[in-house]
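Work through the exercises below with the model open. Each task is followed by its solution.

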Amino acid sequence: MKTSEKKQVMQGAFWKFLERIAAQLVSLIVSIILARIISPSEYGTVSLVTVFVTIATVFVNSGFGQALIQKKDADSVDFSSVFYFSLMFTGILYMLLFFAAVPIASFYDMPVLIPILRVLSINVPIMGINSIQQAYVSRHMKFKKFFYATFIGTCISAVVGIFMAYIGFGVWALVAQTLTNSIIDTIILQITIGWKITLEFSFDRISKLLSYGWKLLVQSFVLQIYTSLRSLMIGKFYTTSDLSFYTKGNQFPDLISTNIDTAINTALFPAMSKNQESLDRVKIMARKTVSLTSYIMNPILVGFMAIAEPFVRFLLTEKWLPCVPYLRICCIILLFRAPQSAIIQAVKAIGRSDKILKYDIPVRIFALIILLISLRYNIFYFALSEIVTTVLGTILYITMSKKTIDYGVMEVCKDFISNILMSVIMGVFVYFIGELLQFPTLLIVLVQIVSGILIYIILSIFIKSQSYYEVLNIMTELIKSKIKRGRIDV
């Protein structure tokens, strides 16, 4: 990777990571407060409704946005054409959800779902606009502006959600928080990023973008259907409380993984797309991403598994302890995200979105079979079934990677297995430290976190981990850059 490209990716990843961390930190605080005010069953109700809205937003968040980033010569005509097409399409999606609210509520025998789904579905057209803004931000690497928009929207929506929950609005507090966040974020982005909507539309441009994007859209839709099906089945065959524990257990590790993974890959995809004609460069970028992402993300996930019980007890109170097993299962699943994400970004960047669809569909078919079998048992085994699917998916993605960018199984294992082994060793120590200590819960968690960081650093130095020194180098360069910029500003 060229020095200029590396610096651009680093800065983009830094601001994207800062945006995710700031937004999720506020969201985490809000979710903790709301979890103490709102009952698990109310959380389960909103989680159930969110499933249907999330499925709809797949159509606006996938496909066209990625196509706009990947296209080398995308201009104002492309962005405006997608904007008008998205407005029309999301309007249709909203109407479908509006009228589907009655049969959905009838299926679950929960009349309260009707108004909640109809109001929360307003988020679909909003996200349609926001997805184009995000594509513009990513293409032009304007992640700093994205940080400010997201942070302001998250903070204001947090105040709205907490206030409404405090005065007794229950599930509507969660609905208001979600909509407020999306609306404010979209408005601020439109004002700040510099993208102007023009009166231009081209069916030919839409057609060309769709030829690339529809495969990613179908793949994302199939994946989201499968993910949503898990939640829908829990809501149907178990209870809303089971759904809330399952959702909450997935929330925290997914928050960690998504922040790191999204920050790196959002900045990396535009850089890969610019180098799409050189498979060697794309492969080098993919390998570096797998190595760095797994080095940072895996110890956090394994450490989280080790401190899960005292963490939940302290932050969410005893009533949420049933979510601990699902939290640990989710952490295991996310250990495989680093190679999966990097491979997908690389294959998308070189324009082979058809490969992603081709290899993902067999994974989802197998996953559905495993899912139906697991329904015969309790919800814990239902959650465990996802590990089997994740392992199979990783194997198939590596096979796809070998055929497209010559990034095979031995190289992938070399790039991330050592990070998993170090993380597991660290996690074992952290877990037993928690078992041996007889301190207050908060103090135990703090000791475990500090011990885990120190143990992981010692292990990294002992085996002379290249990723460790790479992370140190990146942090040093970022700090020097900020200091230098600060002096210039003064």
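**Exercise 1: Asn123**

In this predicted model, a polar contact of 2.6 Å links the Asn123 side chain to that of Ser182. Place Asn123 in its helix, decide whether Asn123 is buried or exposed, and list its contacts beyond four places in sequence.

Solution.
- Step 1. Asn123 belongs to helix α6, residues 123–139.
- Step 2. Its relative accessible area is 9%. Buried means under 20%, so Asn123 is buried.
- Step 3. With neighbours within four places in sequence set aside, Asn123 touches Val53, Thr178, Leu179 and Ser182.

**Exercise 2: α6 and α8**

Describe how α6 and helix α8 (residues 171–192) cross, and which residues meet.

Solution.
- Step 1. The two axes come within 10 Å and cross at roughly 40°.
- Step 2. Angles under 35 degrees would count as roughly parallel; α6 and α8 are therefore oblique to each other.
- Step 3. Their crossing is left-handed.
- Step 4. From α6, the residues include Asn123, Ile126 and Met127; from α8, they include Thr178, Leu179 and Ser182.
- Step 5. The contact of α6 with α8 has seven nonpolar, seven polar and one charged residues.

**Exercise 3: α11 and α13**

Do the same for helix α11 (residues 279–306) and helix α13 (residues 324–334).

Solution.
- Step 1. The axes come within 9 Å and cross at roughly 160°.
- Step 2. Over 145 degrees counts as roughly antiparallel, so α11 is roughly antiparallel to α13.
- Step 3. The crossing of α11 and α13 is left-handed.
- Step 4. Met297, Leu301, Phe304, Met305 and Ala306 of α11 contact Leu327, Arg328, Cys331, Ile332 and Leu334 of α13.
- Step 5. By class, the α11–α13 contact has nine nonpolar, no polar and one charged residues.

How values were computed
Residues are numbered from 1 along each chain as its sequence is written. This is a predicted model: local features need pLDDT of at least 70, side-chain atom pairs count only at pLDDT 80 or more; totals for chains, interfaces and linings use all residues. Side-chain values use heavy atoms; hydrogens and water are left out. Helices (H or I, at least four residues) and strands (E, at least two) are DSSP runs, numbered from the N terminus. Buried means under 20% relative accessible area, exposed over 50%, partly exposed in between (1.4 Å probe, protein chains only). A polar contact is a pair of N or O atoms within 3.5 Å; within protein, one must be able to donate a hydrogen and the other to accept it, and residues adjacent in sequence count only if both atoms are side-chain atoms. Contact means heavy atoms within 4.5 Å. Axes are lines fitted to C-alpha atoms, for helices over the stretch in contact, and angles run from 0 to 180 degrees between N-to-C directions. Angles under 35 degrees count as roughly parallel, over 145 as roughly antiparallel, 65 to 115 as roughly perpendicular and the rest as oblique. A crossing is left-handed if the near helix is turned anticlockwise from the far one by less than a right angle, and right-handed if clockwise. Ala, Val, Leu, Ile, Met, Phe, Trp, Tyr, Cys and Pro count as nonpolar, Asp, Glu, Lys and Arg as charged, and the others, Gly among them, as polar.
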